[in-house]
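Visitor: I should like a close look at a single part of this model, followed by an account of how that part fits into its surroundings. Please state the criteria behind each term as you go.

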Amino acid sequence: MTEMRPFRDLGEHPVWVRAQGIRKRFGPLQVLQDVDVCFRPGRVTAVLGPNGAGKTTLLKMILGLVRPDEGTVTLGDRPVNGEAEYRRDIGYMPQLPRFPENLTGWELTAMLDDLRDFQGPGDETLLDAFALREEMDKPFRTLSGGNRQKLNASLALRYGARVLVLDEPTAGLDPVAARVLKERVRAERDRGCTVLLTSHELGQLEAMADDVVFLLEGRVRFEGELVELLTATGHEDLEGAIASLIQEGRTLITPGALAADRAAPAGAGAAGVA
Amino acid sequence: MRATLKVLHYEVRNVLRGKVLLGYGVFFVAATLGLVRLGGSVERALPSLANIVLLAVPLVSLLVSTVFLYDRRAFTELLLSHPVGRKDLFRGLYLGLTLPLAGMFLLGVGLPMALLGGVQQAPASVALLLTSGVLLTAVFTALGSVVAFSVGDSARGLATALVIWLAVTLVYDGVVLLASHTLAAYPLERPMLAAMVLNPVDLARVMVLMALDASALLGYTGAVFQDFFGGRWGVAGAAFSLAVWVALPYGLALRRFHRMDF
């Protein structure tokens, strides 16, 4: 349906995202403990867990919005250390699209293009797929919740980023739009993109995810492929598998992703981070 | 710096479209025109107008900056997911609030003053009133930023902003008066001077009222300040102290923003 553009800059280089030895405390609450995970390029990884498990904190660490007390996050071989430039490689879709009420979609797009020094043309295939162009001249405050979310998705995917961080991407979308977005996420994966997403709609996730990272009380209880999770828990669907992990409190870190991590060529994706 | 200017450009555009800022400007136009008409001349109207400015500018600057920054928290997160440095973004946000607020104040007071001949009749007083209003805007927008980046909950943040406003506009002088009354037997000039420097609203009041030759309207601390410095040195000292009052909360807000977890 959509013609995929190559990665911007050094297109052929995918980017691995790694978090190693992450610990984070907010006041008395230990949010993340000894988290070691690896998000692979060309895969859609669902970050799952009950409320307060540390999912959002982990994703925000990758974006540089939350700083770990201990441990490191790297994109390719570039550490997330407060510098802003690495974020050129990231497309972020926040859970709640709360943009300035007085700006139109086009003005918002121009603002982000300008801030990124993006010469364009940006990827606007989602605008067409969502039939959103007519809404782009209207102030954000006049858009419906669904159209706001569509704009949110369009902006996240506009820049041909090599890492996509999608927080509840299908929330508020009608079934048609949700399907469009799921297809697009899979297309980005096929392009070699590293896709991280969270959602409480496990059915939607199951249709998109290749890998699963399951967090419980700040610790990684499972990291591996979706099929491995289903096999290990003896369930046929993700909902049953996750419920099983939560109820039993088991730790099932399968060797899949971690082994692939170790086998990854050193510096894979490094050249493309700049 | 380039990123700061870009953020500033879009922030100013967004803020100027809001109705709050327009209402702020209209309020000052109405207050200035009304007081001049009631007083019969610009010079008579200036002390009353100064009192309004000393109350309204800190209140509006604190509340607008605090509300705006809480409201923009999610969008700020989104901007920080793009290749924009935190310092650049903070500078853009701060100036994007301060410049429109200060500009609207200048228009709201300055334009009627120019039309009514206030600039010709009392140029120094009008200039000092406008300068002190702009500096107070910068001080209290910075203080609002400190609150918004330090207090996680927006309701508590707004309450904190209101407490700050009450403290600097009303409570502070009351405490100073009580202390001076209680310790009347002791030489209090220097402690009173220190007390003046510790309150930006008192500093602005000194700047304006010294130029108006209306020492009766000065609070106790202001009277001591005028006696200590007198004339130009007093104004210069107050202006320098106000500039420090801009720099300190600005630096604190920047530090908080640079280190905060979203």
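Is the crossing in which H5(B) passes H7(B) left-handed or right-handed?

Guide: H5(B) passes H7(B) in a right-handed crossing (the near helix is turned clockwise from the far one by less than a right angle; anticlockwise would be left-handed). The model is a predicted one, in which local features require pLDDT of at least 70 and side-chain atom pairs count only at pLDDT 80 or more, while totals for chains, interfaces and linings use all residues. Residues are numbered from 1 along each chain as its sequence is written, and chains are lettered from A and ligands numbered from 1 in the order in which they are written.

The axes of H5(B) and helix H7 (residues 123-150) of chain B lie 9 Å apart, and the helices pack at an angle of about 155 degrees. That makes H5(B) roughly antiparallel to H7(B) (angles over 145 degrees; under 35 is roughly parallel, 65 to 115 roughly perpendicular, and the rest oblique). Axes are lines fitted to C-alpha atoms, for helices over the stretch in contact, with angles from 0 to 180 degrees between N-to-C directions. Helices (H or I, at least four residues) and strands (E, at least two) are DSSP runs, numbered from the N terminus.

On the H5(B) side, the residues making the contact include B:Tyr94, B:Leu97, B:Leu101, B:Phe105, B:Val109 and B:Met113. H7(B) contributes, among others, B:Val126, B:Leu130, B:Gly133, B:Thr137, B:Thr141 and B:Ser145. Two residues are in contact if their C-beta atoms, placed from the backbone, lie within 7 Å. The contact of H5(B) with H7(B) has 14 nonpolar, six polar and no charged residues (nonpolar: Ala, Val, Leu, Ile, Met, Phe, Trp, Tyr, Cys and Pro; charged: Asp, Glu, Lys and Arg; polar: the others, Gly among them).

H5(B), residues 86-115, also packs with H1(B), at an angle of about 35 degrees and with the axes 8 Å apart. The crossing of H1(B) and H5(B) is right-handed. Among the residues that meet there are B:Val7, B:Leu8, B:Glu11 and B:Val15 in H1(B), and B:Asp88, B:Arg91, B:Leu95 and B:Pro100 in H5(B). By class, the contact of H1(B) with H5(B) comprises 12 nonpolar, three polar and three charged residues.

Another packed pair is formed by helix H2 (residues 19-39) and helix H3 (residues 42-71) of chain B, whose axes come within 8 Å and cross at roughly 160 degrees. H2(B) is thereby roughly antiparallel to H3(B). The crossing of H2(B) and H3(B) is right-handed. In H2(B), B:Tyr24, B:Leu35 and B:Gly39 are among the residues meeting H3(B), where B:Arg44, B:Ser48 and B:Ile52 are among the partners. This contact of H2(B) with H3(B) is made up of 11 nonpolar, three polar and one charged residue.

These pairs belong to a chain B with 12 helices and zero strands. Its radius of gyration, taken over C-alpha atoms, is 19 Å, close to the 18 Å that the globule rule gives for 262 residues, so chain B is as compact as a globular protein of that length (the rule is 2.2 Å times the number of residues to the power 0.38). The C-alpha trace of chain B spans about 55 × 45 × 30 Å along its principal axes. Of its 262 residues, 46% count as buried (20 or more other C-beta atoms, placed from the backbone, within 10 Å of the residue's own; 12 or fewer is exposed, and in between is partly exposed). Of the contacts in chain B with a separation of 6 or more, 79% involve residues 24 or more positions apart.

Chain B also touches chain A, in a contact that takes 19 residues from chain B and 24 residues from chain A. On the chain B side, helix H1 (2-16) and helix H4 (73-80) each supply at least two residues. H4(B) gives the largest share of that side, six residues. The chain B side divides into 10 nonpolar, five polar and four charged residues.

Away from the helix pairs, B:Ala184 sits in the loop between helix H8 (154-182) and helix H9 (189-197) of chain B. B:Ala184 counts as exposed, because it has 8 C-beta neighbours inside 10 Å. The C-alpha atoms of B:Ala184 and B:Leu203 are 23 Å apart in space, at 19 residues apart in sequence.
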